[in-house]
Amino acid sequence: MRADRLVQALLLLQGRESLTAAELAAELEVSVPTARRDLEALLAAGVPLYPQPGRGGGWRLIGGARTDLTGLTGPEATALFLQLVRAGGGSDAATRARRKVVQALPASFRAAAERIAATTVVGPDWGAAPGEPEPAEAGLLQQAIADERLVSFVYGAERRTVEMVPLVVGRRGRRWYLMAAPLRPGTETADAARLRTYRVDRMGDVRALRTPGRAPEGFVPGEAWDATVTEMEARRGAASATVSVALHAVAPLCSRFGVHARVIEEGDERSIVEVRAQSDEALAEQLAGWASVARVLAPASVKRALADLGAQLLAAYGSEGTARVR
């Protein structure tokens, strides 16, 4: 698990004058490119490292081989902890790694680190491209949670500016979300009764403010996130279709639909898959790109929605296609 490796790499660096990527790879039993990426991740997180090229070179901790985590600044400690949260999610190994780092941090940074761990939810990444980066806004929001500050951002078609207390940053599939609430009047505490969920990719001009903003007493981030996800999935899964899918395309299609796909019958050449979305039209739009490998068996309403979509595409682009054939 990468989160555990990052901690091990840091501990190895603390105990040696220098360490090459090849030496680290041998210690961690990974490839040299993987070890190099881990070192670069620590550097990006703000750990005071520098690479020294040439014979006898390697990666070193600035300030000497025995520098420990108490040498990190607040932002550096937060960045390192965010790397661990993103790398390992909620696995047991990642949880153990985070506990080690929390214990090694100065007491003044521990509360912020624990807030990050409690309020960051990294779910399965169905539909995400390999190595797809996390949006920069997510890191800013997580930092604001660590610092207990309000954030402002522009949202919606009307581009209105919103000021909220960030409470949870989470990923579902390839999408990142913010759960937030406004301040209760006259307090520095969020009003959990007015909790809202925002898509991070639709947020603009995200800024952390100086105004304090804290979670309300008794707020449990994991429970709030689970309740919101359940509600979202219920809305998104209102319509369903049964689809015959070529065997080689079953896994990619299920990855694309995520929790809204399940194999209900396996075959030698094709499998029957149930997919769900918020409407027949949404199902048609998502299935149109799979027409060469997936055929809708039922219901008729989704077939009609696909036919209507095809007619629209033919009307818009049919003459261009005919011209190219000629």
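## A β-hairpin, its neighbour and a nonpolar core

In the hairpin of β5 and β6, two residues lie between the strands, and Gly173 takes a positive phi near 65 degrees. Helices (H or I, at least four residues) and strands (E, at least two) are DSSP runs, numbered from the N terminus. This is a predicted model, in which local features need pLDDT of at least 70 and side-chain atom pairs count only at pLDDT 80 or more, while totals for chains, interfaces and linings use all residues. Residues are numbered from 1 along each chain as its sequence is written, and side-chain values use heavy atoms, leaving out hydrogens and water.

Let's look at how β6 pairs; two strands pair if DSSP finds at least two bridges between them.

| Strands | Sense | Bridges | Facing residues |
|---|---|---|---|
| β5 (residues 160-172) and β6 | antiparallel | seven bridges | Val169 opposite Leu178 |
| β6 and β7 (residues 196-199) | antiparallel | four bridges | Met179 and Thr197 |

Strand β6 (residues 175-181) is mostly covered, with six of its seven residues buried. Buried means under 20% relative accessible area, exposed over 50%, and partly exposed in between (1.4 Å probe, protein chains only).

Now to the largest nonpolar core, a set of buried Ala, Val, Leu, Ile, Met, Phe, Trp, Tyr and Cys residues joined through side-chain atoms within 4.5 Å. It has 22 residues, and those touching the most other members are Val243, Val245, Leu253, Val273, Val275, Leu283 and Leu287. At least two residues each come from β9 (239-246), α9 (250-257), β11 (270-277), α10 (280-287) and β12 (294-298). The largest share, five residues, is supplied by β9.

Leaving aside residues up to four places away in sequence, Val245 touches Val250, Leu253, Glu269, Arg270, Ser271, Val273, Val293 and Ala294; contact means heavy atoms within 4.5 Å.
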